[in-house]
Amino acid sequence: MQAGRAGTTRVRHRGWLSAGLLVLLTLLAGTASARGTDIDPNAPLTFGILPIGGPAESLEAWRPMLDDLHTALGRPVRAVSVTTYEGIAQAISEQRVDIAFLSGRLALDAVMGQNMQVIGQLTRGDGSKGYYAVLLVAADSRIGNLDQLFARPGQWRFARGEALSVSGYLVPETQLFAARGVDSDTFFAKVHVDNHQNNALAVANGEADVATNNTADLERFQQHFPDQYARLRVLWKSSLIPHAVIVIRNDLPPVLREKVAAFITGYGKGKDGAREEANLKLIHDISGFAPATNACLVPFADIEYTLEKRRATTAQWVSEDAREARFKKIQTDHDGLVARLRGK
């Protein structure tokens, strides 16, 4: 596992592609999957993996299940994982990914803009319906509660996830910071953007004062970094966030899509269940995938709606009529998006 050190440089947006993504796109440039009419049934399918920990770790965790998918379909299945949320989003937008494991925000973009659909949603053995975003501080931090955090703007160093990360940015931004009229990118003295693992390490090592994370990733962090985990304390916890999903391209042949969906949602439940369950536990300690539709993404549409309303509220307007027109459009767009997700 790769454990990098988080720095303290303010980062607003990344306008560059990671080296890992460049390698990925180079490898895939000449090998797009046959779709639509499925001219070549032996063409490999590409499975994109949301980065959890490092890309190599994610690929290793998914490989046994994807090897079984290859056997079930009778065609190659190639897995790709990159270092950032932006990387997997870019690969999907370039139509280099046929199937993908994504968080809700990435899945929403894939469904609404990249001709994909949800076929399954992650389940865990404990029966949980989701997970929680958290705000971390050091166990001995001077920040004892949220009031102490917000009482000192421009004081603390903040480590957060990418803008597409649900628990690393979107949920804390909407449920915590926006609720107090605060923009996290301007409230803190310094802001650094990294993955959950590195952000937790930054707090544990005294390189950041506050960091976003989530309960599922913290469980994994505790297993791999028990000493550093003992130096952390949860300052805040969000409301429940629905689990990640599997999406598939709509322009793959219907029969192939049905086979993939049946495999995904049936994995760990058949005659070879014990071996398959062991493979699933390698993937973030999950128990399988339940059948799901695009409607499971409505909570993530609601998050975007809240962010858009906050931006409109804090923006400068030439008139009150212009402001009201913007609010009306935000509401109309949201209503239309929810209707599409629910198939109405």
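## A tour from the sheet to two buried side chains

Select arginine 160 and valine 193: valine 193, in β8, is the bridge partner of arginine 160. The model you are looking at is predicted.

**Stop 1: the strand pair.** Widen the selection to residues 157-160, which form strand β7. This strand runs parallel to β8, and 4 bridges join the two. Strands in a sheet pair through backbone hydrogen bonds, in either a parallel or an antiparallel arrangement.

**Stop 2: the whole sheet.** Now show the full set of strands. In what order do the 5 strands of the open sheet lie? Read across: β8-β7-β9-β6-β10. The pairing is mixed. Colour residues 190-193 (β8) and 232-237 (β10), the strands at the edges. Each has a single partner strand, so one side of each has no neighbour in the sheet. Ignoring direction, neighbouring strands here are turned against each other by 30° on average.

**Stop 3: helices on the sheet.** Select residues 166-177, helix α6. This helix packs on the sheet and touches β6 (133-138), β7, β9 (210-214) and β10. The directions of α6 and β9 make an angle of about 110°. Next, select residues 215-224, helix α9. Helix α9 also packs on the sheet. Its contacts there are with β6, β9 and β10, and its direction makes about 100° with that of β9.

**Stop 4: histidine 196.** Go to helix α8, residues 196-204, and pick histidine 196. Is histidine 196 buried or exposed? Its relative accessible area is 10%, under the 20% cut-off, so histidine 196 counts as buried. Show side chains and draw two distances. One runs from the side chain of histidine 196 to that of serine 167, a polar contact at 3.2 Å. The other runs to the side chain of asparagine 214, a polar contact at 3.4 Å. Then display the surroundings. Beyond four places in sequence, histidine 196 is in contact with Tyr85, Ser165, Ser167, Gly168, Thr212, Asn213, Asn214 and Asp217.

**Stop 5: leucine 280.** Finish in helix α12, residues 273-282, and select leucine 280. Leucine 280 is buried, at a relative accessible area of 0%. Add proline 64, which lies 216 residues away along the chain. How far apart are the C-alpha atoms of leucine 280 and proline 64? The separation is 8.6 Å. Now bring up what leucine 280 touches, leaving out residues up to four places away in sequence. The set is Met65, Tyr267, Gly268, Asp285, Ile286, Ser287, Gly288 and Phe289.

How values were computed:
Residues numbered from 1 in each chain as written. Predicted model: local features only at pLDDT ≥ 70, side-chain atom pairs only at ≥ 80, totals over all residues. Heavy atoms only, no water. Pairing = 2+ DSSP bridges. Axes fitted to C-alpha atoms, helices over the stretch in contact; angles between N-to-C directions. Contact = heavy atoms within 4.5 Å. Buried < 20%, exposed > 50% of the residue type's maximum accessible area, 1.4 Å probe, protein only. Polar contact = N/O pair within 3.5 Å; in protein donor to acceptor, adjacent residues only side chain to side chain.
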